Amino acid sequence: MNTRRCIYFLLSCWLCCGLAATFTACSDDDDNNTAPPKEVDIITLNVDVILPTNIQTQWQNAIDLAQTNIAKAQQKLGRQVKLNLRYHDEDAEDLSALGLRLTSLTGADTCHAIIGPYHSSNAQDILKWVKETRLPVVLPTCSSSELQRIYAKSTYAWFLTESDITQCEMMISAAKAIGASDVALIYSDDTYGRSFLDWFAFYAAEQEVSTDVEAITAYRRGDDLSSFLDAAAAQATGLRMLVCVALGDGSDYLSVGQALTAYNTKTASDPEAPHLLPIFADTSSDNSVLAAWPANVDFGLGISPVGAPAYGFPQYATAFHDQYSMNGEAQVYDALCIIAMGAALQQASPNVCLVDGQQVVYKEKPYTVGLTDYMRSVVSNEGGVITQWNDASLATAFSELSAGRNIDISGATGSLLFDQDTRTKILNTTYLVWQLGNVYDDDGHVMSVDMQPVIYLSTVGTNSEASTTSLWQQQKRWQQMMDDVTYEADLPNVTDHWAVVISPSTTWSNYRHQADAFAMYQLLRHHGYDDDHIILIVEDNLANSTDNKDFAGQIFVERGDAADDNFLNDDVRKNAVVDYHFSDLQPDDIGDILMGRASARLPHVVRSTATSNVFFFWSGHGGSREGPLWGNENASTYFGTDRIRRIVDEMAHAQRYRRMMLAIETCYSGQWGESLTRTPDVLVLTAANPNETSKADVHDKQLGVYLSNAFARTFRRDIDQNPAVTIYDLYKDLARTTTGSHVMLYNQLFYGSVYTETMSDYFPE
């Protein structure tokens, strides 16, 4: 068996799952004997579709199928929705000018919804114009994690594919599956490619696959990759390296493929040289790219978001169009159906629009609900008649919606599970891992290349695909059990708990840092700490600030109309006992407080012992040299990686803790994690890796500031819901919900099993 076939065989075996797919396609059956209505009220919606012309051609079968099924599903209704599609060439149009024009059209020319653009890098040119109108923009394939973070709270930006955080995980999972010991990354320096850059090293570390800075490069058209490939291969620890290639422009893949083929050909006779196998991201799944691919250039593997096999859409595409379901086809099918169903519900219930059972209300212009809200209503319902994507099932869906009733809808992409905040961001995408293979004529000559499926994947496996999450968990548990260097602690029973909570920020613009500190204080109190066992260090100058005129005396980490967690609309400053104002302390005072060295100036200290668990939380700014800053973002003083190491080492030597956790919410906070490695019984959880900034999360328009950070918000929520959450599960949730930075976990090998140890060590139930 040659190398390539061996790799594909390994991948299939490792990821293999049974597909009990229920085939559901177009149905010509007439199961309703009711005569069609004599008079039909046609509601026409203008839907502007923004795609490159080659992608429109590639998706045309799915678009035509959706239009046909939508029409057939409504043929016996007295009021019917018709979608009038108007196409725009994404590659030729001035998209910013187009966005302005589409949002300005009136009368019969009014734009009611937009589908596209196809590329993440073009999406903001359209999205920036629709904020004032909340015109729904449905993005089948825009998967940039940064783009989805920016529009995370909007109710008009619809993302029908998970972010490239997930696709990056899929690629690294494939590397592990084929036994690759090393991974490299070639990415485009644009909105699309930077998502992969942000998450590549994170998932490589999680899957325990080796990578190096020499194995990561940005690609610009025309670049000579030979030196990079030589340098990347030189870092390899084994004989197989998977090269992840993520390029915003599909036409660039051929050049990269040729460079990889040239390297493998050059080194084929060298038994010590690693084989470089590419895996190409979803933008490579373009018929125009595949058609241009020479038979002598090794494609390796590719990955694309597609329809869910358990719901029959890929099988339909294969059976009726003689091709495998391509990148985004199922997503554009669902986009058209959701728009049409939202319009049907809007016509049936013009004054009632419920999302998760709550009437939609806006406090800013436009105050009225619109089509996007009725679309959200359709996908948010979990009760009502269960319907799917085929025409017979859609007929039931439209009949129910036209009567103002709920449905439980699934689409061509599978179970339409959207985020709980807005119901516009899909949470589960099915990916097809595929290979490019030769098509031969009867004489054995290569006629063309063809896409051949290897396996369907998703993160959770809800649509009968293999679940990378479950496989990852099994693999990590096995590795930890078999790892001889895993630290096993022989610890005494815990007798008491201590906490130090610090925010060095003092300005109104940094509201979120003090707010998160106060919220952490309240979380500790809720879980049994008294004020004698919490040292709270904040400037405490926000509640009575002149900037806080609307909520004098109060501080919030979240405000809203519907409960999201126990901190919503709570004054986290209420009844808090502040031990020290930040400006009254110096950096060395923190060491005295943690070591219990009380004085007239420092009366409140940690009096821990060898049977105490100590929790340390810091929320503020950080810098690129040593992580957390002693002050605001313009502070010139670092607290210092050496200082925190000295403090913890002194505590360990003096037996001032049984176990200790540091949770650090700052930019570049991973530098503290690195400085504390190999310290027994200490765990460090950081909001960012050593080389990146962290991002604010919850913005309040009335206060004009961010109220919280994603890291702190998820930490509070998970602990409040389950203080016995395992450290691994907490970390995984933090890593997936903290966008814009990489949550890191340090020193677990000198702490104990993160799969069995829980957060109840610090937050007793």
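Me: In which sense do strand 1 and strand 3 pair, parallel or antiparallel?
Reply: In general, the strands of a sheet pair through backbone hydrogen bonds, and either sense can occur. In this predicted model, strand 1 covers residues 41–51 and strand 3 covers residues 113–115, and 3 bridges join them. One of the bridge partners is Ile 114 in strand 3, which is matched with Asp 48. The sense in which strand 1 and strand 3 pair is parallel.

Me: Which strands are the edge strands of the open sheet?
Reply: The sheet is open and has 5 strands with parallel pairing, placed in the order 2-1-3-4-5. An edge strand pairs on one side only, and this applies to the strands with residues 79–89 and 157–159. The twist from one strand to the next averages 25°. The edge strands are therefore, by their pairing on one side only, strand 2 and strand 5.

Me: At what angle does helix 13 run to strand 5?
Reply: Helix 13, made of residues 371–380, lies across strand 1, strand 3, strand 4 and strand 5. Helix 3, made of residues 95–102, lies across strand 1, strand 2 and strand 3, and runs at about 165° to strand 1. For helix 13 and strand 5, the angle is about 35°.

Me: How is helix 17 oriented to helix 18, roughly parallel or roughly antiparallel?
Reply: Helix 17 (residues 587–595) packs with helix 18 (residues 641–653), their axes being 10 Å apart and the angle about 15°. Angles under 35 degrees count as roughly parallel, so helix 17 is, with respect to helix 18, roughly parallel.

Conventions: Residues numbered from 1 in each chain as written. Predicted model: local features only at pLDDT ≥ 70, side-chain atom pairs only at ≥ 80, totals over all residues. Heavy atoms only, no water. Pairing = 2+ DSSP bridges. Helix = DSSP H or I, 4+ residues; strand = E, 2+ residues; numbered from the N terminus. Axes fitted to C-alpha atoms, helices over the stretch in contact; angles between N-to-C directions. Contact = heavy atoms within 4.5 Å. Parallel < 35°, antiparallel > 145°, perpendicular 65-115°, else oblique.
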